[in-house]
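The following paragraphs lead the reader through the structure shown here, beginning with one of its DNA strands and ending with the other.

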Protein chains: 2
Amino acid sequence: MEQVFNVLFEHIADKVPITERDKEVVMSFFRRKKLRKRQYLLQEGDVCKYISFVTEGLMRSYTVDEKGNEHINLFAWEGWWISDFAGFIFGNEAKLNIDAIEDTTVLLLSVENYEKMLTEVPLMERYFRVLYQNSLATKDSRLISAITHTAEEKYTMFLDTYPSIGQRLPQNLIASYLGLSPETISRIKKKITETNT
Amino acid sequence: MEQVFNVLFEHIADKVPITERDKEVVMSFFRRKKLRKRQYLLQEGDVCKYISFVTEGLMRSYTVDEKGNEHINLFAWEGWWISDFAGFIFGNEAKLNIDAIEDTTVLLLSVENYEKMLTEVPLMERYFRVLYQNSLATKDSRLISAITHTAEEKYTMFLDTYPSIGQRLPQNLIASYLGLSPETISRIKKKITETNT
DNA sequence: AGTATTTCCTGATTTAGGTCAAGCCCCTTC
DNA sequence: GAAGGGGCTTGACCTAAATCAGGAAATACT
């Protein structure tokens, strides 16, 4: 079995008991793709044909508002799915841009293969149900956090929640993810280190 | 078939082709419950044993922060599911409160029945996958909106998205849902009516 | 009908965080 | 090793929305 699929199958096995037989079938639906740092996987206005599973590297999805500001929607590193969901599901134009923050390898799953896979391998139906279910619970708390917490709380909570990824991200991207300005993050960092001494 | 189930089955049929036979089985897993206005379905700290489908009325889920402010997470009226998802799925203490804004009838589905139903009726596995998938897409756009838009944009977008429900909600609840103060909503309304004359 | 409780409005003041601007440091890349 | 471009910091200033406070409408309760 190809090396890159290990990450995917570990992720699946974590949620449902997948057999070697199923793995073979599942594999056949995916296509592998490599991306250089800064390379687009999807641009606003395109039709989003795939959902992608990151096996190596780091990606982001983001929107651009009228003033030209980028707002990061999601980071996806090893073991995460990324896509313009609304576009993928409902078939409309993508509102999101997706690009690589580091050199990245992804496994692409097209709409047709997604549907096919779900019917042919019922276990995968269950896998995605569980996956979505969990992300819903996560999204809920992010939303609450975005509405209720202060800038400082958002920042420290982000670092607590994703300690490993903090290192890999320039702080202006974290700012964009949290809906804060880079300057604010900078000031918060200063304040925190000052308090700790 | 009991009347209250109509709303549920319409909702299901909208996503997957459910048979009369399946309906019988599905029905058996639910329990019906009536709630008076202001009555709790779940309080913070309880174990969330159910997800609930609203067949009539209007409910909300909300958190309370350290300062005692309520932040509404979700409104659920006819045809919506409501629950403390994280709690229901992972079995930990509820962080959300859920109560009735109007007199409400819900159909309760316990964790055990949920799991049982999903295995016994594979079609329901698919239904929930599609349901979650769609809510994910919706949540995404609400999150982006919470981060990027101004108070006025959030308010008008809310009314555009849920025109029917605007009437049924006092505006302090809308404010709480949008993460704004009631005063701000009041001023926005004033501004809008002034502009329109 | 009359009281109580929400709900809503409006003004004055405060504040968190954004915006603008300038300079520095650290990588790349010729 | 110079030149350029990100990324980060810091200061001065600004603004959207929160908070505080008071009263007016509107609902609900007996």
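Helix 9 of chain B supplies five residues to the surface near DNA strand C, the largest share; helices (H or I, at least four residues) and strands (E, at least two) are DSSP runs numbered from the N terminus, and a residue is near a molecule or strand if one of its heavy atoms lies within 4 Å of it. The model is predicted: local features need pLDDT of at least 70, side-chain atom pairs count only at pLDDT 80 or more, and totals for chains, interfaces and linings use all residues. Residues are numbered from 1 along each chain as its sequence is written, chains are lettered from A and ligands numbered from 1 in the order in which they are written, and side-chain values use heavy atoms, with hydrogens and water left out.

Around DNA strand C there are 16 residues, of which A:Ala151, A:Thr184, A:Arg187, B:Gln171 and B:Lys190 come nearest. Of the atoms of this strand that come within 4 Å of the protein, 66% belong to sugar and phosphate. By class, its surface comprises three nonpolar, seven polar and six charged residues; here Ala, Val, Leu, Ile, Met, Phe, Trp, Tyr, Cys and Pro count as nonpolar, Asp, Glu, Lys and Arg as charged, and the others, Gly among them, as polar.

Individual atom pairs show how the backbone and the bases of DNA strand C are approached. A polar backbone atom of A:Ala151 is 2.7 Å from a phosphate oxygen of DNA strand C, and a polar side-chain atom of B:Ser186 lies 3.1 Å from a phosphate oxygen. A base nitrogen of the strand has a polar side-chain atom of A:Glu183 at 3.1 Å.

Attention now turns to the two protein chains. The contact (heavy atoms within 4.5 Å) takes 32 residues from chain A and 32 residues from chain B. Together the chains bury about 3,300 Å², 65% of it on carbon and sulfur atoms; buried area is the accessible area (1.4 Å probe) that two parts lose on being put together, summed over both. On the side of chain B, B:Arg129, B:Leu136 and B:Leu143 lose the most area to chain A, together 20% of what that side buries.

Six salt bridges are counted between chain B and chain A, each a side-chain nitrogen of Lys or Arg within 4 Å of a carboxyl oxygen of Asp or Glu. One of them joins A:Arg129 to B:Glu125, with the closest N and O atoms 2.5 Å apart. Helix 5 of chain B gives the most to the side that touches chain A, with 18 residues.

How are the two copies related? A turn of 180° and a shift of 0.0 Å along the axis lay chain B on chain A with an RMSD of 0.0 Å, the superposition being by least squares on the C-alpha atoms of residues with pLDDT of at least 70 in both. The copies are thus related as by a two-fold rotation axis. In chain B, the C-alpha nearest this axis is that of B:Arg129, 2.2 Å from it. Of the contact residues of chain B, 100% recur in chain A.

The other DNA strand completes the picture. DNA strand D is surrounded by 16 residues, the closest being A:Gln171, A:Lys190, B:Ala151, B:Thr184 and B:Arg187. Helix 9 of chain A gives the most to its surface, with five residues. A phosphate oxygen of DNA strand D is 3.0 Å from an N or O atom in the side chain of A:Ser186, while a polar side-chain atom of A:Arg187 lies 3.2 Å from a base nitrogen.

Definitions and conventions. Polar contact = N/O pair within 3.5 Å; in protein donor to acceptor, adjacent residues only side chain to side chain.
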